[in-house]
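Biologist: Please take a close look at the way the strands are paired and at what packs against them. I should like one connected account.

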Amino acid sequence: MSLNFRFAIASDLHVALPHTIWDHPSRFHLVEVSIPAFDIVLEHLTQLNLDFLLLPGDLTQHGEPENHTWLQERLAKLPFPTYVIPGNHDVPVLDANEQSIAFKDFPQFYRKFGYEDTEQLYYTCELRPNVRLIALNSNNFDDRGKQIGHVDNQQLRWLESVLESANDELILVMIHHNVVEHLPNQANHPLASRYILDNAAELLQILRRYKVQLVFTGHLHIQDIAYEDNVYDITTGSLVSYPHPYRILQYSQDNYGQGKLQISSHKVESVSDFPDLQQSSHQWMSDRSFPFMIKLLTLPPLNLPQEKAEELAPTLKNFWANIAAGDASLEYPEFPEKVRHHFEKYSSITPDGHRTFIDNHATLLL
């Protein structure tokens, strides 16, 4: 039987009601636009004949119960089903405190959005005949109570049992942390490693064994499609970070089983208090980039002296905004050779060194 359906992805909403906004002069997240930006996205999506919407985590600013309540009430009004998972911002603590809900309480807020079983933070459901969503929880805590990106053994065994019984269903996996590297040496980089699962290789091994090709992630706040050994990790940028993107995807399959996923990306251009959101948000990110770029320059693998880092950092003020927008084309001919080569690796290029532009608009043959 041929398949044909349309869905959307909006990630890292960081919903923050005005009285909950946590202010800090260096924060990258423009959380002031979280609710108006999401409303604009939903206004667009409700005009489409969507089959469902995926929200791959960081639904709220810091796991505030009132922000979770606002979101689940807003989602209940949509004309299409929505499926959510927690991000690190949604469950930042094991036990509830004066700011955040408890880790185990997340499913209670989203019973209508995937969590019919409120006893666990992962689930599976049939989206339509022969199409199955597997929604995983990648938020865990180590022995010291520090939050980590990890899929525990119990969940991995559950995943295998679901895949074993899936027969010929098309499988879509949604998880907050990345499973394929989107940045050079992401899994080992001192700044980037926290955005990828620490046991990504184990999860990927299971997915490949059962020929699962499509994984939808968030967390990194960039538009990027990464591919490794027959698995696509499609990560979507944040609605509170430049360029405030979301995706609309059309899947089709012919009678011979050839699948095709067409991906288009859209941006929120304007909200009430930020009429020129794209320009002002780009400026917001660039103005706050200096401390981040100093870290990137002085930490491995570059290990530049502080003085040299301070000299180069101003030239890189737009670097992360370019990465976040996807399809980056980066050239720094004035930089020392080692530094130039390092930053040019962040360009959108194929493994054989060719420029490619698929992060925002692409057609994947599956």
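**Strand pairing and the helices beside it**

Modeller: Strands E4 and E5 (residues 131–135) run antiparallel and are joined by five bridges. The model is a predicted one, and this pairing is a convenient place to enter it. Within the pair, Glu-126 has Arg-132 of E5 as its bridge partner. Both strands belong to an open sheet of six strands with mixed pairing, in the order E4-E5-E8-E9-E11-E10. Its edges are formed by E4 (123–128) and E10 (224–228), each of which pairs on one side only. On average, neighbouring strands of this sheet are turned by 20° against each other, direction ignored. Helix H4 (residues 153–164) lies across E4, E5 and E8 (170–174), and its direction is at about 180° to that of E5.

A further open sheet, likewise of six strands with mixed pairing, follows the order E3-E2-E1-E12-E13-E14. Here the edge strands are E3 (82–84) and E14 (362–365), each pairing on one side only. From one strand to the next, the twist averages 20°. At the E14 edge, that strand and E13 (residues 259–267) pair in the antiparallel sense over four bridges, with Leu-261 standing opposite Leu-364 in E14. Helix H1 (residues 34–45) packs on this sheet, where it touches E1 (4–9), E2 (52–55), E12 (245–253) and E13. The direction of H1 makes about 30° with that of E12.

Key. Residues numbered from 1 in each chain as written. Predicted model: local features only at pLDDT ≥ 70, side-chain atom pairs only at ≥ 80, totals over all residues. Heavy atoms only, no water. Pairing = 2+ DSSP bridges. Helix = DSSP H or I, 4+ residues; strand = E, 2+ residues; numbered from the N terminus. Axes fitted to C-alpha atoms, helices over the stretch in contact; angles between N-to-C directions. Contact = heavy atoms within 4.5 Å.
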